[in-house]
Amino acid sequence: MNALVLHIARPITLWSLHFIAIYALISAACAPRGLIEADVMRAVSGIVTLGAAVVTLAWLIIGMRTLRQTPDGAPERPLVVAVAWTAAISLVALFANLWPVAFLATCSG
Amino acid sequence: MTDAPFDPTPAPPPRRDAYDVAPKGEPEKDFEEVWATPQGARVLSSVSHRVVGKRFLITGFIFFLIAGVLALLVRLQLIVPENTFLDSETYNQFFTMHGTIMMFLFAIPMLEGFAVYLIPLMIGARDLVFPRLGAFGYYCYLFGGIIVLSSFIFDAAPAGGWFMYVPLSTSQYTEGLSADFWLIGITLAEIASVTAAVEIIAAILCSRAPGMSLTKMPILMWYLLVTAFMIAIGFPPLIIGSILLEAERLLGLPFFDPTLGGDPLLWQHLFWLFGHPEVYIIFLPAAGMVATMLPVFVGKPLFGYGFAVAAVVTMGFLSFGLWAHHMFATGLPIMSLSLFSAASTMVAIPTGVQIFCFIATLTLGRPRLTIPMYFILGFLFIFVLGGLTGVMLAAVPFNLQAHDSYFVVAHLHYVLIGGFVFPMFGALYYWVPHFTGRMMSERLGKWAFWLMFSGFNLAFFMMHLTGLRGMPRRIATYPEGIGWDRLNMLSTVGAFILAAGIAVFIWDFFRHQRAGPKAGRDPWGAATLEWLYRPVTPGYNFRAIPEIRSREPLWDQPELTEGPAAEIEGALRECPDHRRETLGCDPVSGAPLQILRLPHPTWTPLISAFGLAVLFAATLASVYWLSAVGGLIALAGLTGWVWEPSDSGVVRNTGIRDGLELPVNVVARGGHLHVGTVGTLLILYALFASLLFAGLYLWNTQPVFAQATERPARMFALLAFGLSVAMFALSWMTGRAAILGSGQGLILILNGLLALVVGAVAATFALALLPVDPWSTAFAAVGWAMGAFVAALLAVTFYWAVFNALRKLVGAQLEGQGLPDLLLGSFGKATAAMGVVTALAFLFAGTPQ
Amino acid sequence: MMEGDTQLPGPDSALDIYNAQTTLARAGLGADMVFDLTVAMTLAFGVVFLGVMAVVCLAWRRNRPAGAWWVWSGGIVLPLVAIIVLMAGSTAVLVASTRSAPNALEIDITGYQFWWDVVYDPEGIALRDANELVLPAGRPVTLRLRSADVIHSFWIPSISGKMDMIPGRTNTLTITPLETGRFRGQCAEFCGLSHPRMAFEVVVMAPDAFDQWLAATQGEARDAARPELLAGRQVFVDYGCPACHEIRGVATGGRLGPDLTRVGARGSLGAGMWRMNQGNLAGWIADVGDMKPGAKMPSYNHLTGPELRAVSAYLASLK
């Protein structure tokens with residue numbers, strides 16, 4: 001059960017890191033300091049998102065498979081359900097983070 | 001999976017002979033006397049969670065009424081255009097105090113009250129694991145609230161909005177003390193929030209009944225657990241922001257001054273980094289209470305416990321990614337706006353999951369339309385509507401029109417009143433029998449509900465329209481004929497109808513204490529443990545702590561409901577040491593892990609909180625010698641608090657599972673004190689991260705000033721780095737030695753060395769910062785703030801190391817009782833880690849001039 | 001607090017135009033697009049809301065337990081579809097409504113407690129005015145928004161969304177008025193004591209009318225033609241008004257208060273609050289502290305009656 005608690009927190013923690021990364025990248029590219037070029041920001045964001053999405057998707061698939069294998073009455077089942085659902089919600093939320101980078105041409109729209 | 005036998009971490013075999021006494025036991029008292037609440041004035045020394053919880057609830061409700069009256073006065077002023085009922089200054093004070101009190105002195109304390117009162121009862125504990133901390137938090141809240149309110153007496157009520165935007169709240173534009181009342185009073189009251197966070201985390205994780213694994217916890221515990229973590233991360237940005245702003249007002253440090261490289265937006269970032277999660281911190285416990293009550297009235301367990309857990313956990317995280325949607329109009333890059341817009345909409349998903357879990361629960365049985373159920377349905381109606389307008393506001397172009405207009409006022413009241421006040425009233429109706437032993441009136445309850453519901457919707461639905469018709473928020477008056485007259489009139493009428501509903505509740509509350517029918521055992525047919533005893537319950541929570549095999553123990557475990565509650569079999573029926581005790585568990589599996597010795601009534605929390613209040617109030621009044629006196633009182637109180645002789649090293653029979661023997665206050669990472677320490681460190685890390693964010697933010701948005709800032713002395717920064725690493729190693733060794741139960745001599749040497757190294761680290765940081773003038777740029781000021789923060793932590797570590805050494809020397813901590821050093825080790829490691837990061841920042845920030 | 005008789009709006013002012021300050025208008029490009037967005041979202045979410053309430057009723061009556069698909073569809077699929085549609089629409093509107101225009105007219109606007117300083121074409125003619133914004137219909141205008149003290153927010157609901165004015169920053173907002181007429185704007189960020197009395201009027205003209213207006217307004221202030229006006233001008237100078245107020249051709253350099261070169265031509269007085277006429281001007285000069293608490297200008301209630309009449313007549317004549 002220790003592992004299951006970890007698995008619940010895992011995907012959404014990855015989402016947090018991803019959010020911080022995207023926020024930092026956008027801030028680095030769009031703030032007065034102009035630390036990086038917009039294209040660099042776009043490329044790095046894409047790679048980061050792809051990596052995070054692949055990992056989260058893997059967790060989701062594993063989570064769903066575990067869910068199918070866990071009988072309804074099993075005591076740990078609620079946590080198994082929660083593992084699959086946090087992975088699903090996190091996956092969606094990952095792509096939401098990428099939204100601005102994907103659909104906006106420049107920092108100013 | 002469950003009840004895995006506890007694997008004793010390498011704790012030393014306890015030596016019974018040396019420690020086989022309870023240092024603070026009261027041998028003349030039997031079990032009931034040990035748990036009895038002290039009478040008369042000594043009730044102020046009570047640390048019982050039920051006493052403290054009720055104090056939180058009553059005080060919070062009184063603040064609710066005060067803020068409500070302010071809201072009615074605000075509405076009276078707006079009832080007609082160009083009204084002269086209140087002048088602008090008074091109006092500004094009233095709306096500022098309305099928001100401030102509602103957010104800081106009502107909503108958060110109220111949920112803390114429910115948490116403090118309910119957690120031990122619902123998880124089968126006899127008290128919270130840190131009862132003194134709860135009492136301390138309450139007194140800080142009370143004193144902080146009094147400071148904030150007293151500003152009215154001094155005619156210095158804050159008038160800068162509950163958001164205190166700079167530069168309006170700086171000394172240049174707000175002279176006098178009004179802003180200081182806010183900053184100092186609220187910061188004192190916030191201590192209650194962060195202590196409650198530590199308390200809730202440790203209590204839920206470490207003191208559940210035997211067999212109550214995470215999956216068998218009442219769902220409310222998940223909600224509260226996530227809320228507590230959110231408080232631990234969410235409040236620190238505001239605490240840091242408030243301290244920086246107070247430092248700017250008091251000392252002239254230019255954190256937010258754009259002429260010296262500060263940025264007014266930094267305040268907004270810090271404020272909303274707190275302010276947005278705050279909304280979910282308020283909402284989640286209320287939703288948890290709905291998830292607790294709803295199944296009772298449907299007669300079936302909650303639909304989708306696992307879904308709800310996933311939703312609550314994800315919501316806790318997602319809610320931190322949307323703070324800037326309060327700043328859409330500040331001119332942030334469109335790309336940032338879009339990021340926060342997208343993240344904001346994401347919260348709709350876990351919210352939707354929860355709402356549909358609630359709705360699906362309704363299908364499981366035949367719902368009973370009780371008064372709490374009315375409020376739950378009211379919650380569904382209002383909150384869903386508020387959630388949908390929230391999604392509308394996440395759309396940036398719409399937000400640019402609606403932001404700071406009455407549309408937002410409507411939205412936020414739909415979410416907060418729908419998401420917190422309605423569930424709270426439902427919860428009050430539901431748990432009042434537990435507080436008073438009597439039932440409130442169904443008939444009056446319906447009156448209260450319908451008045452509140454109709455009044456609320458009349459008042460606040462109109463505001464959507466007022467806002468779309470262009471009425472900005474926070475205006476004391478508006479011109480006639482601009483299209484807002486009738487809508488405002490209706491809103492005011494609605495507000496008074498809403499108030500009438502609340503008045504009916506209050507009247508019924510006082511009435512039912514005399515005339516209400518007596519509540520029987522488990523009057524609602526609930527499934528959770530707080531209803532195990534007939535209300536009002538005796539001074540203790542559980543005569544013996546029962547084994548838990550189900551998430552709905554009162555429904556599924558007949559042995560709990562058949563006989564008299566006091567005779568139920570369970571752990572710790574015996575009370576050999578005449579101490580308050582409860583069972584400690586493994587954080588995940590719920591397997592019994594240890595016996596927790598709990599404090600008896602004591603004055604130390606009141607004294608410490610009083611000292612702090614003197615410190616804060618004297619600082620407000622600029623009487624600095626008195627501040628020092630207050631600080632010393634607080635330090636003395638806290639020292640007396642933690643000085644008590646150690647209890648660990650004893651093994652006792654718990655009376656369950658064929659004589660299961662457990663150690664008292666185990667020296668292990670899963671123990672409640674270490675979990676509490678980790679919770680505290682989480683708060684400290686968040687405080688530090690807020691400062692780091694401030695530095696990075698200024699570095700990124702004000703590059704010219706960052707460049708113009710003097711770099712700290714490199715040699716000393718390097719030394720500080722090295723010494724911090726050494727401090728980390730020493731702290732690690734201290735913790736390790738404690739767990740291994742090393743000899744007193746070794747740990748004494750480690751304590752001494754740690755104190756020495758801490759002193760050296762502090763000295764090198766001071767020398768490193770010496771060439772930097774904190775008044776030169778905001779960036780430099782943030783550097784000093786980081787240094788000051790680390791210095792404060794170093795001071796604590798130093799005091800702690802000396803303190804532990806002293807306790808060993810006088811015999812208050814014997815060999816093998818390593819708990820204080822385990823905690824010191826963890827605290828030292830964290831402090832050292834922050835020292836390392838600070839030293840690195842000092843090595844590279846700024847330019848040598 | 002405010003005198004009743006000074007409240008009456010007049011025909012030259014936006015104060016009496018019902019709905020002159022509403023987001024439910026199409027008088028500007030931004031407001032126009034957001035109007036559609038608002039209607040679309042209100043309808044869509046209205047349907048969602050009624051749907052969810054219907055499901056609650058259904059669930060209440062139903063005795064067959066719901067399946068997990070309820071939560072999947074209601075909790076994930078429904079919000080997700082709504083979010084994607086919403087985000088697509090809002091991103092499109094966002095990009096279209098904030099697009100900067102290369103040849104836009106530039107106007108600098110600076111917020112003060114509690115009034116607005118306006119400079120047309122700052123890089124060119126640098127025409128200074130205050131508390132009223134004259135715009136050409138159909139042409140994009142880039143507003144450069146700053147603050148001289150605390151945070152304000154510039155908002156003309158009928159034309160466009162708002163943008164904050166933050167000390168130390170210059171925020172730009174590009175707006176395109178679509179309809180001619182008078183509109184009311186107001187400060188949307190709480191800025192202190194007289195925050196509710198910090199409004200302004202917007203006059204949108206046909207483009208050629210605007211060009212004419214701009215050309216005609218650049219010169220010095222209208223001369224004081226009559227003795228009474230001359231006397232008024234003398235009062236203005238004698239009492240030190242030029243320390244804060246500029247009247248081109250009479251006294252330059254005063255920047256702490258609004259430029260008064262064409263004060264009499266404005267529709268309203270006191271930053272969009274009262275109808276502009278001599279009576280209100282006299283009331284204002286004598287009693288600023290009451291009409292606008294917290295304003296920096298002292299109340300000149302020590303002026304004699306004739307002095308007050310003369311100076312208000314003079315100011316009212318500046319058109």
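Select Glu132(C) and Glu201(C) to begin: Glu132(C) stands opposite Glu201(C), a residue of strand 10 of chain C. The model on display is a predicted one. Extend the selection to strand 4 (residues 132–136) and strand 10 of chain C, and a parallel pairing joined by 5 bridges comes into view.

Keep strand 10 selected and add strand 9 (residues 181–186) of chain C. These two strands run antiparallel, with 6 bridges between them. One pair to label here is Gly181(C) and Val204(C), the latter in strand 10, which stand opposite each other. Is strand 10 of chain C mostly covered or mostly open? Colouring by burial gives the answer: 6 of the 7 residues in strand 10 (residues 199–205) are buried.

**The open sheet of chain C**

Next, select strands 3, 2, 1, 5 and 8 of chain C. They form an open sheet of 5 strands, in the order 3-2-1-5-8, with mixed pairing. Strand 3 (127–130) and strand 8 (171–175) occupy its edges; each has a single partner strand, so one side of each is left without a neighbour in the sheet. From one strand to the next, the twist averages 25°.

At the strand 8 edge, turn to its pairing with strand 5 (residues 141–147) of chain C, which is antiparallel and extends over 5 bridges. Within this region, Val141(C) lies opposite Ile175(C) of strand 8.

**Chain C as a whole**

Now display chain C in full. Its secondary structure comprises 7 helices and 12 strands, and its C-alpha trace spans about 90 × 45 × 35 Å along the principal axes. Of the 319 residues in chain C, 49% are buried. Considering contacts in this chain between residues at least 6 apart in sequence, 67% join residues at least 24 apart.

**From chain C to chain B**

Show chains B and C together and select the residues in contact: 72 belong to chain C and 67 to chain B. On the chain C side, helix 1 (29–61), helix 2 (68–98) and strand 7 (163–165) each give two or more residues. Which element of chain C gives the most to this side? Helix 2 does, with 18 residues. Coloured by class, the side of chain C that touches chain B shows 44 nonpolar, 20 polar and 8 charged residues.

**Inside chain B**

Move to helix 14 (residues 406–436) of chain B. The helix bends by about 40° at Tyr430(B), and Pro433(B) follows within four residues. Since 29 of the 31 residues of helix 14 are buried, this helix is largely enclosed by the rest of the structure. Immediately after helix 14, select Gly437(B), where phi is positive, at about 80°.

The largest nonpolar core is the next selection. It contains 463 residues, and those with the most contacts inside it are Ile119(B), Cys140(B) and Ile200(B). Helix 8 (residues 264–298) of chain B contributes its largest share, 24 residues. Centre the view on Cys140(B): beyond its neighbours within four places in sequence, Cys140(B) contacts Leu188(B), Ala189(B), Ile191(B), Ala192(B), Ala609(B) and Leu612(B).

**From chain B to chain A**

Finally, select the contact between chains A and B, to which chain B gives 32 residues and chain A gives 38 residues. On the chain B side, helix 9 (305–318), helix 10 (334–346), helix 11 (348–362) and helix 21 (672–701) each supply at least two residues. How many residues of each class does this side of chain B have? There are 20 nonpolar and 12 polar residues, and no charged ones.

Definitions and conventions:
Residues are numbered from 1 along each chain as its sequence is written. Chains are lettered from A and ligands numbered from 1 in the order in which they are written. This is a predicted model: local features need pLDDT of at least 70, side-chain atom pairs count only at pLDDT 80 or more; totals for chains, interfaces and linings use all residues. Two residues are in contact if their C-beta atoms, placed from the backbone, lie within 7 Å. Ala, Val, Leu, Ile, Met, Phe, Trp, Tyr, Cys and Pro count as nonpolar, Asp, Glu, Lys and Arg as charged, and the others, Gly among them, as polar. A nonpolar core is a set of buried Ala, Val, Leu, Ile, Met, Phe, Trp, Tyr and Cys residues joined through C-beta atoms within 7 Å. A residue is buried if 20 or more other C-beta atoms lie within 10 Å of its own, exposed if 12 or fewer, and partly exposed in between; C-beta atoms are placed from the backbone. The bend at a residue is the angle between axes fitted to the seven residues ending there and the seven starting there. Two strands pair if DSSP finds at least two bridges between them. Axes are lines fitted to C-alpha atoms, for helices over the stretch in contact, and angles run from 0 to 180 degrees between N-to-C directions.
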